[in-house]
Amino acid sequence: MALRIPKACRHSFSIDLKAGTFLAIGASVVVICGIVLRKSLIAPQWLIIIVQSIQTGSLLFAPAWAGAAMGKQKVPLISRGATVSGLLLLMTGLAVPAVRYLWTGWHKFSFFGATPDMLLFALLLVLVYFSASGFLALVAAVYRQNYPVMIRAQILSRANVVKLFAGQAILITGSIMLDIEHGIFINLLILGSLCYVLGASIYSRMYVTGEMTLPRGMNWTEMRKRILPGEVYALLRRNPHFKRFQLCQTLHGSGNLMCGPAYILIMIDVLQLSYLEIVMISMVVPAVGNIISTMRWAPLVDRLSPCRARVRNSPLWIAGLVLFPLSVYLNNSLWAWLAFICTGFAMGGSGLIWSLGSLYYAGKEDATMYSAAHSFLTGVRGFVFVMIGGAFYVLFGTAVFYVGAAMMTMAMIMFHQQDKAERADPEFLRDRRVAAGAMSAKAVTAAEAAADQPVSAGNPTGKPAA
């Protein structure tokens, strides 16, 4: 039976869909910048590895974003963050021509193979990553407040399909243009910056349950306090099941993340693929697999615990890591295509598990902090293991993929053990039932009835989310 989105959720879903589509286009442009840095600007390997590690490591600041939103409205912070990201992306696009044509003397200098235009491009790109790092934690908290727990993944999967189509369309178009003219990336970055700003403008109309009476602005005291990870460690100590889930997640995610630089460097330097081939293999093919599988994964993610869902999801990730090195050994990109097909089908469930998994362990009052802790720990493993994986690839080549596959296999076994431990803990199961009961079918029905109230000055949408 097709999912019917509750009436109380339709306004939120509409805003998520419209704003998310523009933000997805902007994010796709940011993604292609890593390829531009190596293929068009010919940046050295060490700079690619550092930028990729900071891309994930920027999530280290997620708890600070959560602190900034404490006791404040989240929507203005999200829309401002997207606007700032758009402006920084515009500056990134203008950095290379500024150095090459305005400060021509700078182009003669080199720092271990990196010229000033490469370094400025990489620096501004890193600032875009940091600016956007708060989206994940704050947007996930909005999901927690606006959508019923038992259909949350299915609602998000619908929006994600549209976002993926929009993002992939710009990736394919952009890669074709880049193969014709490498310098066209400046135009793409300007387009991406405009999409970020448009997405921010649309998202500013989002209604969040229970937040309309809160003040705007930032909680600077909490933000400064949470820049250091003390709150994260305290949360892990208070909730041992969440701590063990994050331990499993760290091993699982690290095995995947440490292979990130190797993918890019092999496709550009070893297989010598074009922009279109790189985008099709590493981005479009996984996205198609994601679109096909996400509707299948969503009911499972809603029904299963995050640990049990990870057990079912992991074999596809492992298969992708094992298959990709064959493209190097056999000098045939077909194996890269097969590897990323497996990865795409894994991503359909993995994205939902990543976004919603931490909320499984959270109560209504601390959902933002759980999401922030989850993002922070992702940032830690991203910053550390992408760097380690890049160095490992430089030293030992494709062996990095087998190390990653072994780590993910161990994590799958640990997820299975943790799932058994959670099901054997009656107190934990009772807490989960209480949390789920807050969004029971009766609660959704009551919210739908309330959604028929007339529009008023205090409720500009007329549709309070469930």
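Me: What makes Thr294 the centre of a kink in H12?

Reply: The bend at a residue is the angle between axes fitted to the seven residues ending there and the seven starting there. In H12 the kink comes to about 45° and is centred on Thr294. This is a predicted model, in which local features need pLDDT of at least 70 and side-chain atom pairs count only at pLDDT 80 or more, while totals for chains, interfaces and linings use all residues. Residues are numbered from 1 along each chain as its sequence is written, and side-chain values use heavy atoms, with hydrogens and water left out.

Me: How do you know that the span of helix H12 agrees with its 29 residues?

Reply: Helices are DSSP runs (H or I, at least four residues), numbered from the N terminus, and H12 covers residues 275-303. The expected span is 1.5 Å times one less than the number of residues, which gives 42 Å for H12. The end C-alpha atoms are 40 Å apart, so the two agree.

Me: Why is the contact of Arg38 and Asp269 called a salt bridge?

Reply: The rule wants a side-chain nitrogen of Lys or Arg within 4 Å of a carboxyl oxygen of Asp or Glu. Here N to O is 2.6 Å, and the pair counts. Arg38 sits in helix H1 (residues 10-39) and Asp269 in helix H11 (residues 260-270), 231 residues apart, so this pair links distant parts of the chain. The whole structure has three salt bridges.

Me: What makes Arg38 buried, and what makes Asp269 partly exposed?

Reply: Buried is under 20% relative accessible area, exposed is over 50%, and partly exposed lies in between (1.4 Å probe, protein chains only). Arg38 has 15%, so buried is the word; Asp269, at 28%, is partly exposed.

Me: What joins Arg308, Asp419 and Arg423 into one network?

Reply: Arg308 meets Asp419 at 3.3 Å, N to O. That pair links helix H13 (residues 306-323), which holds Arg308, to helix H17 (residues 399-423), which holds Asp419, across 111 residues. Arg423 meets Asp419 as well, at 3.0 Å. Arg423 and Asp419 are four residues apart in H17, so about one helical turn separates them. The shared partners make one network of the three residues. Asp419 is buried at 3%, while Arg308 is partly exposed at 28% and Arg423 is partly exposed at 44%.

Me: Which residues form the nonpolar patch on the surface?

Reply: Patch members need over 30% relative accessible area and no salt bridge; nonpolar side chains (Val, Leu, Ile, Met, Phe, Trp, Tyr) are joined within 5 Å, like charges within 9 Å. The members here are Trp46, Ile50, Phe111, Phe112, Leu119, Val380, Phe383, Val384, Met387 and Ile388, with about 830 Å² of accessible area together. Helices H2 (45-57) and H16 (367-396) each supply at least two residues, and H16 has the largest share, five. Phe383, for one, is in H16 and is partly exposed at 35%.

Me: How do you know that Cys248 has no bond to Cys307?

Reply: A disulfide needs two cysteine sulfur atoms within 2.5 Å. The closest cysteine sulfur to that of Cys248 is in Cys307, 5.7 Å away, which is too far for a bond. The count of disulfides comes to zero. Cys248 is buried at 3%, and Cys342 is buried at 18%.

Key: Areas by Shrake-Rupley, 256 points an atom, 1.4 Å probe, with all protein chains shown as cover.
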